[in-house]
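Here are my notes for your first read of this model. Keep the structure open and go through the points in order.

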Amino acid sequence: MKYDHETRTFDCEPTLTDSQVLEFCKTGYLLLPGAVPDEINRRTRDYLEGKGPANPSYIPAGMTREDLDRIRTTHEPSGILLEDWFIEHVLLDPQVAGALRSLLGREVGLPVLVSKHSVECPASPQGWHYDADHVFGPEVNFIEVFYFPQDTPVELGPTDLMPGSHLIPAQRDTTNPGVAAAGPAGTFGIHVQNLMHRRGESTATGLRHMLKYNYWRTVAPVRDWIIEPGFDFRTAYYGGHHTARYTAHMFYWLCGMGKDYRIIGGQAWPWRSVNQIGPSYGFGAKQGYLPNWRKNNPDDYAL
Ligand SMILES: [Fe+2]
């Protein structure tokens, strides 16, 4: 792990493989259960509940110690991002750092803002929603992470995620439970920002904390995660009708090949069926279409 205090960026060995990066493109999220040690989870809860003094490693330009004390009690207690113990054991946790290094490249930028979602349980579920200012597209220029510093079983209302809702705008279906990001204390959820989600219903009694923040890309995308020797772009499974074209576009963008990505539509690559007797046509097409991520064309293809 190499952490640069001046630029607040880190570099480390990537931990995700081709298949895992492609899976992230399909679902839009990755869960890391129980990654953070209990002692650090407790310290985080204490910080959020105002117990003990803050000890920022420095006072950011344009801010004062009083500013940091003031924001500690708000819904954006970003001073926690300046605590050495939080940087080392939460922001740079080996599992979360390895995954983000795989998806965001070298010199990953650390968060500059933290959002606190603390709820007194039991509580009713939130409505399904996309967060403000989301954008649909193949680019992965930042990634949102949430961190649960206490045991968060489904009874304590962890975040529910709607897999694949970053590819095609999803309906707000209250009967669809999605996937609960439940887990023991120290669980991380990593997701693309434009993934539909909600706070799940809670039935237990207690205080549920969750912190949410973004890591940032500082370099152009390149396929420098763990390369699988047998990974074949032509035969990889990118998903079904209406989704494979988006998943493959996102994967190509992450590989640094977004500009070369073209599809010819129909049953051609990147779609395929297990019952076909030969490889899909259309792989490596130099001319064709791009998926219409922003829905301004009725047939869902864009130039
Ligand atoms: Fe939200």
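**Notes on the domain contact and a helix pair**

1. Start where the domains touch. In this predicted model, 14 residues of domain 1 are in contact with 15 residues of domain 2. On the side of domain 1 that touches domain 2, helix α1 gives the most, with five residues.

2. Look at the residue types on that side of domain 1. Nine are nonpolar, two are polar and three are charged.

3. Now find the domains along the chain. Domain 1 covers 2–216. Domain 2 covers 229–303. Their centres, taken over C-alpha atoms, are separated by 31 Å.

4. Next, turn to one helix pair. Helix α1 spans residues 18–27, and helix α6 spans residues 244–254. Their axes come within 9 Å and cross at roughly 135°. Why is α1 called oblique to α6? An angle over 145 degrees would count as roughly antiparallel, and 65 to 115 as roughly perpendicular. The crossing at roughly 135° fits neither range, so α1 is oblique to α6.

5. Check the hand of the crossing too. Is the crossing of α1 and α6 left-handed or right-handed? It is right-handed.

6. Which residues meet in this pair? From α1 come Val21, Leu22, Cys25 and Lys26. From α6 come Thr247, Met250, Phe251 and Leu254. The residues of this contact divide into six nonpolar, one polar and one charged. Lys counts as charged, so Lys26 is the charged residue here.

Notes:
Residues are numbered from 1 along each chain as its sequence is written. This is a predicted model: local features need pLDDT of at least 70, side-chain atom pairs count only at pLDDT 80 or more; totals for chains, interfaces and linings use all residues. Axes are lines fitted to C-alpha atoms, for helices over the stretch in contact, and angles run from 0 to 180 degrees between N-to-C directions. Helices (H or I, at least four residues) and strands (E, at least two) are DSSP runs, numbered from the N terminus. Angles under 35 degrees count as roughly parallel, over 145 as roughly antiparallel, 65 to 115 as roughly perpendicular and the rest as oblique. A crossing is left-handed if the near helix is turned anticlockwise from the far one by less than a right angle, and right-handed if clockwise. Two residues are in contact if their C-beta atoms, placed from the backbone, lie within 7 Å. Domain bounds come from an automatic or database domain assignment.
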